Structures are given as structure tokens and as C-alpha cells.
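Visitor: I'd love a close look at the empty space sealed inside this protein. Could you walk me through it?

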Amino acid sequence: MGSLSSKNALVTGSTSGIGLAIARAFAAEGANVTINGLGDDAAIEQERSGIEKDFGVKCRYSDANMMDGAAVSAMVHDAEAAFGSLDILVNNAGIQHVAPIEEFPDDKWEAIIRINLMAAFYAIKAAVPGMKARKWGRIINTASAHALVASPFKSAYVSAKHGIAGLTKTVALEVAQDGITVNAIAPGYVWTPLVEKQIPDTMKARGMTEEQVKHDVLLAAQPTKEFVTVEELAALTLFLCSDAARQITGTTLPMDGGWTAQ
Ligand code: NAD
């Protein structure tokens, strides 16, 4: 019996990177999982059926686009109806765009705020009533070191992630006596497709080579000089779901190799 064997979880943005590692860690502990995200249909189906086969749990996929608030609400209600409850919600989907403020494309700004911040609002709003009724819930938002500090050329992302930290604190206070904890995890640089994809734009914005971006920009901020791993973040998320973590709420917990200590 895993530590989450009676629980049902939903992880947004779990077709890749951090979300995928969290969904698999939940399944390994016995939770049924709804996965979500964009990507190739066959690859997603392989991931979904792989989770069922590897861990003997139920796994379903939602194609809800985090740009669309109504689709986010429907995803949560469908997940709850399909498994009978929604006990753990991880708002993890996120995108990035790197550009100086005066050149920042309006549509990219809006998409980042919708996917990285507003989707979490819609999902939490839909999930809280059931969690309150069952007197148990865990909400974990994937923030970033950029929820605590800023870097140039990432105005939309830094704004959205600071917003996530505020949303986390506010909802934590609202549900503090309902057996529900609300926390954010704040990774430093993690080696995932999201980081890999921003290297060309950073090279352009700063006039640097790929190696310079990795060492002088990305790991420059991270005192350990190592990327965080998705498995380490999944382990932190699992801990936040445990009963031992029931008094941890309203926090934005850095896992950033010391970045935000500076
Ligand atoms: P990733 O690109 O590997 O994964 C992002 C996930 O979000 C994918 O599953 C993708 O399909 C999904 N997604 C994107 N747009 C979507 C949309 N419109 N609708 C539904 N799903 C959508 O990235 P990652 O690095 O694993 O990032 C996950 C989270 O971690 C993000 O919130 C990101 O901001 C945060 N984060 C990442 C790092 C890092 O260094 N990688 C650091 C700090 C925080």
C-alpha cells in the first residue's frame, strides 16, 4: 500500500518535465492520477497507459487548454466525477517567453498570465468545494525562484509567479481550518524542455553563446552550480501531501540550490 493509495490527484502540465515526474511519483505511491498537457496524441497515450501499467493505478488524460478558464473548471469537475474525489491538485502547467519589456509581445504576455496564473485560480476555485466537504485536500502550485526574485527580460513570467505566491498565501488562509493545505514549490533551474527552449531567446537577448547562457545566466544564479532534478521536486511535492506536512501551509518553498539566499 502506497502512502497515497486512497487518493485521487490531478496534475496540470504533466505531459512533460516536472509535472510528468510528479504524476509518476503520485502513481508510485498508489494515487489515481489525471494527467493534462499538450503534445503528440500517441506519446500522451503511451505516458497514460505506462502509468497504469507501471504502478497499477487508474490514469486518465484531460486535454484542457490552460488558456481557457471554462475548460480548466470542467477538467477539475470531470476529474472529480471520474474518480469520485479530487484530493490533490497540482497547478504546474507553465510557459516562458524572454524579451525586453519594450519588445514583449502582447499575446505572449497574456498567454503567460493565463497559463501560469489564471489557470491555477480556475482550478483551485473548482477543487476547493469538494476538498472542504471531505475535510482533506492538498493544493500545490509550481511557482519558481522567480516568485521570490526577478531576472531581466522575464516580466510576464516573474509577474505570474509572484502572483502564484500571493494566490497560495491567500487561499491557504481561507481554507486553513478545512484540512486543506496550499503551498507553492519554487524551483531554481531544472533541466526540462522549458529551460532548453528559452536558451535561443536568451542567447539573442543577451548576445551570448549556448554555453555562456548555461553557465553565466542560468547556473550563475544557482550557487550549487547544478540543475535541480525533476525527481527532487517530485519528492518535495510528495512530502507536502503527507500527514507530516499538515502544518505547512501558505508557503512558497524554494528548491533552488541556494539561489534566493543571495
Ligand atoms: P515543460 O515545458 O517540460 O512542461 C510544461 C507542461 O505544461 C507541459 O506538459 C505542457 O504541455 C504544459 N502546457 C503548456 N501550455 C499549456 C496549455 N496551454 N494548456 C495545458 N498545458 C500546457 O516545463 P517544466 O520545466 O516542467 O515546467 C513546469 C512548471 O515548472 C512551470 O510552471 C514552470 O514555470 C515551472 N518551473 C520550471 C523551472 C525549470 O527550470 N524548468 C524552474 C522554475 C519553475
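Visitor: Which helix gives the most to the lining of the largest cavity, and with how many residues?

Guide: That's helix 4, residues 106-134, which gives five residues to the lining. A quick heads-up: this is a predicted model, where local features need pLDDT of at least 70, side-chain atom pairs count only at pLDDT 80 or more, and totals for chains, interfaces and linings use all residues. Residues are numbered from 1 along each chain as its sequence is written, and side-chain values use heavy atoms, leaving out hydrogens and water.

Searching the whole structure turns up one cavity of 30 Å³ or more. A cavity here is a set of points, on a 1 Å grid over the protein atoms alone, where a 1.4 Å probe fits but cannot get out; lining residues have an atom within 4 Å of a point. This one holds about 50 Å³ of space, with volume meaning the space filled by probe spheres set on the points, which are joined across faces, edges and corners.

So who's around it? Among the lining residues are Thr12, Met66, Asn91, Asn92, Ala93 and Ile164, along with Ile115, Asn116 and Leu117. Ala119 and Ala120 belong to the lining too. Helix 4 counts as a helix by being a DSSP run of H or I, at least four residues long, and the numbering goes from the N terminus.

As for character, the lining has seven nonpolar residues, four polar ones and no charged ones. Nonpolar covers Ala, Val, Leu, Ile, Met, Phe, Trp, Tyr, Cys and Pro; charged means Asp, Glu, Lys and Arg; the others, Gly among them, are polar.

Note on methods
On a 1 Å grid over the protein atoms alone, a cavity is a set of points where a 1.4 Å probe fits but cannot get out, and a pocket is an open set with protein on both sides within 12 Å along at least five of seven lines; lining residues have an atom within 4 Å of a point. Helices (H or I, at least four residues) and strands (E, at least two) are DSSP runs, numbered from the N terminus.
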